[in-house]
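Morning, everyone. I have one structure for today, and I will go through it piece by piece. Please have the picture open while I talk.

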Amino acid sequence: MQTEESREEYLAHFQKYNNCRLPFCIEVFSDKEGVHVVVVGATHGNEPAGVKAMVAFHQQLQNGDLKLESGKVSLLLGNPQAFQEDQRYVDRDLNRDFSELDGTTIEGRRAHDIIQYLEQTSGIAALLDLHSVSIGDFKICVYEKGDPYSLDLAHSISAIPLHFAFHPEHMPGSLVTAAGRMHICSLIVECGNHQSRQGVNTALNHMHALLAHYRILPDSAKVQKKAGAIIEQYESISAIKPGPNFKFLIPHVATGTKLSKGQVFAKDDNQEHIAPQECYIVVPSRVVKVTDVDAGFLGSLNMLKINN
């Protein structure tokens, strides 16, 4: 789609080319056996970059601008109804809903269908979940702390120098954690701000790099990185749990905002939120609903040197 399309047109593209048992999923194949990877966009409906990148990629294949050298790719629109409404979610945050599947909510039913698809589709090697941020224009690789395979994947396909390693108890129910339990190497990439014009390119470049890593696309699509790169890795120490009328008290709060021990950084109708130690705010939410599981995270900072 060369011009800016409406959300309805992006949804219509997924509906038109849906060719598997999971709605809003497009499977594309090579005529040569190889690895199967899954790419997901709009797990949060107000984050459009992944959907736009997936449609652009699919059109590159249709137009003959790209050709898969081997394997299979699934292009999955995570939360279609929330995407249509330009909302993070409708009933519940889909990316916190993959651990306890609740068939009474829109997101619970979609999570069930996605998990069933992943479980019943044999041979999936990797999953790339494309997101964006509401505050700032940060690009961040996100993965579960202690998962060396996802960390290695991030190093292999991305030159983004900012990482967030979360402990699963701080972000329960995420898609990448659920996929990891199925031995699918999984990674989130935050592609910049929701409104960033570069976000689609960031998403598309990471798709190309992922597929080149698994030899689905030629090596020319691999990312070029500097030797000896330094990664700023934030490691979660807790989720920020919001109550009614939650708000941050720090002007211009963003990923990397440093807090001193005992500093009051937010408040809601129930309590003040106080930093338990010297730490940093990570991926804070601009708009926080009372139904939100978290409003961001507190994290410590590690510096990692990557030797290519």
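Let me start with charges. This is a predicted model, and the structure holds 10 salt bridges. As background, side chains of opposite charge can pair when their charged atoms come close.

Take Arg92 and Asp102. They form a salt bridge, and the closest N and O atoms are 3.2 Å apart. Arg92 and Asp102 are both in the loop between helix H3, residues 80-85, and helix H4, residues 106-120, and they are 10 residues apart. How exposed are the two partners? Arg92 is partly exposed, at a relative accessible area of 31%. Asp102 has 21%, and because the buried class means under 20%, Asp102 counts as partly exposed.

The next pair is Asp294 with Arg96, a salt bridge with an N to O distance of 2.8 Å. Asp294 sits in the loop between strand S13 (279-282) and strand S14 (297-306), while Arg96 sits in the loop between H3 and H4, so this pair ties together parts that are 198 residues apart in sequence. Are these two buried or exposed? Both Asp294 and Arg96 are buried.

A further salt bridge joins Glu278 and Lys258, at 3.8 Å from N to O. Glu278 is in the loop between strand S12 (272-274) and S13, and Lys258 is in strand S10 (residues 258-259), so the parts tied together here are 20 residues apart in sequence. Lys258 is partly exposed, with 47% relative accessibility. There is also a network: Glu47, Arg88 and Asp93 are joined by salt bridges that share partners.

One member of that network, Arg88, brings us to His44. His44 is in the loop between S2 and helix H2 (49-63). At 3% relative accessibility, His44 is buried. Which side chains does His44 meet in a polar contact? One is Arg88, at 3.4 Å, and another is His131, also at 3.4 Å. Leaving out residues up to four places away in sequence, His44 touches Gln87, Arg88, Asp93, Asn95 and His131. So His44 has contacts with Arg88 and Asp93, and both of those belong to the network I just mentioned.

Now the nonpolar part. In soluble globular proteins, nonpolar side chains tend to be buried together. In this chain the largest nonpolar core has 78 residues, and Phe57, Val73, Leu118 and Met207 are those with the most contacts inside it. What does Met207 contact, once neighbours within four places in sequence are set aside? The list is Val39, Ala53, Met54, Phe57, Leu75, Leu128 and Leu130. There is a second, separate core of 15 residues, and Ile135, Ala254, Phe265 and Ile281 are among them.

Ile135 comes up again with Ser285. Ser285 is in the loop between S13 and S14, and it is buried, at 12% relative accessible area. Beyond its neighbours within four places in sequence, Ser285 is in contact with Ser134, Ile135, Phe248, Asp294 and Ala295. Asp294 is the residue we met in the salt bridge with Arg96.

Next, a helix. In H5, residues 148-157, the buried residues are Ser150, Leu153, Ala154, His155 and Ile157. What covers them? The cover includes strands S5 (139-144), S6 (162-166) and S7 (185-193), helix H7 (199-213), and S14. The N-terminal end of H5 is capped by Asp147, with a side-chain oxygen 3.1 Å from the backbone nitrogen of Tyr149.

One exposed residue for contrast is Gly34. Gly34 is in the loop between strand S1 (25-29) and strand S2 (36-41), and it counts as exposed at 51% relative accessibility. Gly34 and Gly71 are 37 residues apart in sequence, but their C-alpha atoms are 3.7 Å apart in space. Apart from neighbours within four places in sequence, Gly34 is in contact with Ser70 and Gly71.

Last, the whole chain. There are seven helices and 14 strands. The radius of gyration is 19 Å, which agrees with the value near 19 Å for a compact globule of 308 residues. Buried residues make up 56% of the chain. Of the contacts with a separation of 6 or more, 71% are between residues 24 or more positions apart. The chain exposes about 13800 Å², and carbon and sulfur atoms supply 47% of that.

That is where I will stop.

Terms used: Residues are numbered from 1 along each chain as its sequence is written. This is a predicted model: local features need pLDDT of at least 70, side-chain atom pairs count only at pLDDT 80 or more; totals for chains, interfaces and linings use all residues. Side-chain values use heavy atoms; hydrogens and water are left out. A nonpolar core is a set of buried Ala, Val, Leu, Ile, Met, Phe, Trp, Tyr and Cys residues joined through side-chain atoms within 4.5 Å. Buried means under 20% relative accessible area, exposed over 50%, partly exposed in between (1.4 Å probe, protein chains only). Contact means heavy atoms within 4.5 Å. A salt bridge is a side-chain nitrogen of Lys or Arg within 4 Å of a carboxyl oxygen of Asp or Glu. Helices (H or I, at least four residues) and strands (E, at least two) are DSSP runs, numbered from the N terminus. The radius of gyration is taken over C-alpha atoms; the globule rule is 2.2 Å times the number of residues to the power 0.38. Accessible areas come from the Shrake-Rupley method with a 1.4 Å probe; for residues, only the protein chains shown count as cover. A polar contact is a pair of N or O atoms within 3.5 Å; within protein, one must be able to donate a hydrogen and the other to accept it, and residues adjacent in sequence count only if both atoms are side-chain atoms.
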